[in-house]
Amino acid sequence: MSAATTRSRTARTPVPDRLCAEAVDLARAAAEEAAAPGVVGEHAGLVSEGDRVVTHYFECKEPGYRGWRWAVTVARASRAKNVTLDETVLLPGADALLAPEWVPWSERLRPGDMGPGDLLPTEAEDLRLEPGYTGEDEPPPNSAVSEELADLVDAEDAELTFRPVATSRGSIAAVAEELGTRRARVLSRYGLHAAADRWDEAFGPKTPMAQAAPATCVSCAFLVPMTGSLKQAFGVCANEFGPADGHVVSLAYGCGGHSEAAVMPKPPKPAPHALDTLQVDEYPLRPARDSGSVPDEADGPTEDLGHS
């Protein structure tokens with residue numbers, strides 16, 4: 001027998017054993033014993049797993065398990081006529097309703113998920129952080145390897161007893177403390193770039209608000225400058241009526257609340273009052289005799305108009 005013929009027979013699906021294929025009632029009884037009453041449905045087919053090993057599939061009517069199937073595997077020993085039960089499991093089908101793939105909490109976490117009392121541990125190898133300067137490796141001022149002590153030894157009036165142990169001005173620790181890097185870990189370059197990209201996406205020049213703004217934040221009086229390397233590109237908005245109040249904004253960002261966007265118009269000057277309330281007007285109690293429209297004296301004798 002050639003090697004090609006052996007490979008073709010091995011790769012070919014084995015023919016289901018006749019007795020195992022006919023053991024549908026045995027497989028159904030095993031599925032109904034493992035499942036709740038009325039959950040096992042119709043027979044959905046069988047698959048030959050090997051020599052004298054067959055798996056029967058039954059529909060699952062359990063609510064919430066759409067597309068799942070009960071799989072009951074039966075087997076028969078060589079030259080035996082009795083079929084025995086191997087295992088019973090519930091397996092998903094091709095169109096089964098499955099739960100989403102499990103994702104670690106560190107990848108599920110989103111901005112704003114933390115609440116009061118929640119703790120967010122930081123990984124030791126976090127790419128956003130790098131070791132800072134704590135001063136633990138720096139020799140104390142009165143150490144034999146200290147540069148300050150070497151300078152004091154050369155001086156005749158050096159008094160090491162009263163030498164202060166606190167951080168002295170101009171030392172590495174003092175400079176690190178002034179720069180804000182005297183911590184166990186500080187932001188790495190990757191962490192700075194990630195924060196800059198995040199802030200630029202939220203309040204940057206490409207946002208619709210910035211596109212319609214009359215001017216950028218770099219010329220706004222409400223911009224509070226930052227320190228460090230990010231001050232060249234970002235600041236904090238201090239306009240309580242602006243959409244970015246209290247947020248880090250790009251210097252190229254802008255909104256309608258710019259301090260120099262518009263000048264408030266002066267209120268119009270009211271017109272002078274028509275009635276003079278400061279001057280007293282005199283009004284007589286009775287009208288003058290010649291002030292009416294009717295003459296004071298009667299007209300002459302009336303002419304006869306021809307009426308009877």
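A residue counts as buried when its relative accessible area is under 20%. Keep that cut-off in mind as we walk through this predicted model by way of its aromatic rings.

Searching the whole structure turns up 3 aromatic pairs. Let's begin with Trp199 and Phe234, whose rings meet edge-to-face, with 5.7 Å from centre to centre and 80° between their planes. Trp199 belongs to helix H7 (residues 189-202) while Phe234 belongs to strand S8 (residues 234-237), so this contact ties together parts that lie 35 residues apart in sequence. How accessible are the two partners? Trp199 has a relative accessible area of 23%, which makes this residue partly exposed. Phe234, with a relative accessibility of 5%, is buried.

Now move on to Phe203 and Tyr253, another edge-to-face pair, with ring centres 5.6 Å apart and planes at 85° to each other. Here, too, distant parts of the chain are linked: Phe203 sits in the loop between H7 and helix H8 (208-211), and Tyr253 in the segment after strand S9 (248-250), 50 residues apart. Are these partners buried or exposed? Tyr253 is buried because its relative accessibility of 4% falls under the 20% limit. Phe203 has a relative accessibility of 15%, so this residue is buried by that rule as well.

Finally, look at a ring with a charged neighbour. Arg69 lies over the face of Tyr57, 4.1 Å from the centre of the ring.

Key. Residues are numbered from 1 along each chain as its sequence is written. This is a predicted model: local features need pLDDT of at least 70, side-chain atom pairs count only at pLDDT 80 or more; totals for chains, interfaces and linings use all residues. Side-chain values use heavy atoms; hydrogens and water are left out. Rings of Phe, Tyr and Trp (its six-membered ring) pair if their centres lie within 6.5 Å; planes under 30 degrees apart count as stacked, over 60 as edge-to-face and the rest as tilted. Helices (H or I, at least four residues) and strands (E, at least two) are DSSP runs, numbered from the N terminus. Buried means under 20% relative accessible area, exposed over 50%, partly exposed in between (1.4 Å probe, protein chains only). A charge sits over a ring if NZ of Lys or CZ of Arg is within 6 Å of the ring centre and within 35 degrees of the ring normal.
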